[in-house]
Amino acid sequence: MTNIVVTAPFPADLMDKIRAAAGEHKVEQIELPYNRWPAGQQTDAEIYYAFTGGVPTPEQAPNLRWIQAHWAGVDSLIDSPVWHSDIRITSASGIHAPNMAEYALAQMLAWAHHIPSWVIHQQQGTWPKGRWDKFVPAELRGKTLGIVGYGSIGREIARLAKPFGLRILVTKRDARHPEDNGYTIAGTGDPTGQLPDRIYPGEATRSMAAECDFLVITLPLTAKTKHLFDEEMLRELKSTCYLINIGRGSIIDEKALVRALKKGWIAGAGLDVFEKEPLPEDSPLWQMDNVLLTPHISGFTPKYDRRAVDLFTTNLRHYLAGEPLLNLVDREAGY
């Protein structure tokens, strides 16, 4: 009998769904103190649903064969002992696509239509002089959108953006194979990779980025992507470009970004992630009128847990049937 340990605080109806998928196999729901696996505690789990980065070591879980993460980015596991074992790790990639794509589109529309200025003038109670020049929108139609990382989120951004008449450029690690082999929610994304006007390999990110009016980062954080957007890269962008980051904060060198925003190397930035979170109170980003900040919320949705359980139960059935798992993490790539 397979023992399955779930550390997420799923409600009873979602646990019932997991138990139904598990059949005769044992399912145990536990709560981790301080979101860490207790030192010295053993488990006979063969399957482990990780709600946080708190996972047992291979020595604490000698029967462990598979970890399903509750999140898409697995960078928190890279320094853990399980990363250097033969235990399979799968991510929750794909379940965030609808809400994160809408967030990216909201940022683009906000900048194109000067929505931050709407709010400021409403709060001030003023009818501004020269309102036509101040508020004339920069229509999305005919603009160039760049998506750095064409996974499930990037594909859903492309699907939503296409009807707006944007030219869409994307980067993909293996540009020769545009199809999506990961987990997707029905009706979302770009399964065959047909929506972009051009697909660039990751090595050509700088060339692609230099053409964009809006540039959305959806990359995971790895050794290769850390500070990918450094001063040199930021200087390559158009002065009219808006940079939107919904990947990981450390993909951008934040000090270089502040300089870029102050000196006008780029027009503005929409940031949901930061190098240090919460964003420090003394960060100059708080006071900049060409920045829209949110506190790392683009990946959240009231439907998150249900979508996560849909993915887990699908993968659980695959595992019990001896079939390949979806979203299997490539340790060499880091995601």
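In which strand does Val291 lie? Val291 sits in strand E12. The model is a predicted one, and this residue is a useful entry point to it.

Start with burial. Val291 has a relative accessible area of 10%, so it counts as buried. Beyond residues up to four places away in sequence, Val291 touches Trp111, Leu261, Ala269, Leu271 and Leu285. Ile244 is 47 residues from Val291 in sequence. In space, the two C-alpha atoms are 9.7 Å apart.

Now step back along the chain to Met288. Met288 lies in the loop between strand E11 (268-271) and E12. Its relative accessible area is 13%, so Met288 is buried; the cut-off is under 20%. Met288 touches Val258, Leu261 and Lys262, leaving out residues up to four places away in sequence. Val258 is 30 residues from Met288 in sequence, with 9.0 Å between the C-alpha atoms. Leu261 is thus a contact of Met288 and also a contact of Val291.

Val291 also helps to line a pocket. The second largest pocket holds about 260 Å³ of space. Its lining comprises Trp111, His114, Pro116, Ser117, Ile120, Tyr242, Ala267, Asp289, Asn290, Val291, Leu292 and Leu293. Helix H3 (115-124) and strand E12 (291-293) each give at least two residues to this lining. By class, the lining has eight nonpolar, three polar and one charged residues. Trp111 appears in this lining and is a contact of Val291 too.

Next, enclosed space. Rolling a probe the size of a water molecule over the atoms shows where empty space is left. How many cavities of 30 Å³ or more does a search of the whole structure find? The search finds one. The largest cavity has a volume of about 40 Å³. Asn245, Gly249, Ile252, Glu254, Leu257, Leu271, Val273 and Phe274 line it. That lining has five nonpolar, two polar and one charged residues. Leu271 belongs to the cavity lining and touches Val291.

Turn to the nonpolar cores. In soluble globular proteins, nonpolar side chains tend to be buried together. Here the largest nonpolar core has 44 residues. Ile4, Val6, Phe10, Ile18, Tyr48, Ile67 and Phe312 touch the most other members. The elements that give two or more residues to this core are strand E1 (3-6), helix H1 (12-22), strand E3 (47-50), strand E4 (66-69) and helix H9 (304-320). H9 gives the most, with seven residues.

Tyr48 shows the contacts of one such member. Outside its neighbours within four places in sequence, Tyr48 is in contact with Val5, Thr7, Leu32, Trp37, Gly54, Val55, Pro56, Leu64, Trp66, Ile67 and Gln68. A second, separate core has 33 residues, including Ala204, Val258, Ala260 and Leu285. Two of these names have come up already: Val258 touches Met288, and Leu285 touches Val291.

Finally, look at a polar side chain. Is Thr188 buried or exposed? Its relative accessibility is 14%, so Thr188 counts as buried. Thr188 lies in the loop between strand E7 (167-172) and strand E8 (198-201). A polar atom of the Thr188 side chain lies 2.7 Å from the backbone oxygen of Ile185. Not counting residues up to four places away in sequence, Thr188 touches Pro98, Glu156 and Arg159.

Key. Residues are numbered from 1 along each chain as its sequence is written. This is a predicted model: local features need pLDDT of at least 70, side-chain atom pairs count only at pLDDT 80 or more; totals for chains, interfaces and linings use all residues. Side-chain values use heavy atoms; hydrogens and water are left out. A nonpolar core is a set of buried Ala, Val, Leu, Ile, Met, Phe, Trp, Tyr and Cys residues joined through side-chain atoms within 4.5 Å. Buried means under 20% relative accessible area, exposed over 50%, partly exposed in between (1.4 Å probe, protein chains only). Helices (H or I, at least four residues) and strands (E, at least two) are DSSP runs, numbered from the N terminus. Contact means heavy atoms within 4.5 Å. On a 1 Å grid over the protein atoms alone, a cavity is a set of points where a 1.4 Å probe fits but cannot get out, and a pocket is an open set with protein on both sides within 12 Å along at least five of seven lines; lining residues have an atom within 4 Å of a point. Grid points are joined across faces, edges and corners, and a volume is the space filled by probe spheres set on the points. Ala, Val, Leu, Ile, Met, Phe, Trp, Tyr, Cys and Pro count as nonpolar, Asp, Glu, Lys and Arg as charged, and the others, Gly among them, as polar. A polar contact is a pair of N or O atoms within 3.5 Å; within protein, one must be able to donate a hydrogen and the other to accept it, and residues adjacent in sequence count only if both atoms are side-chain atoms.
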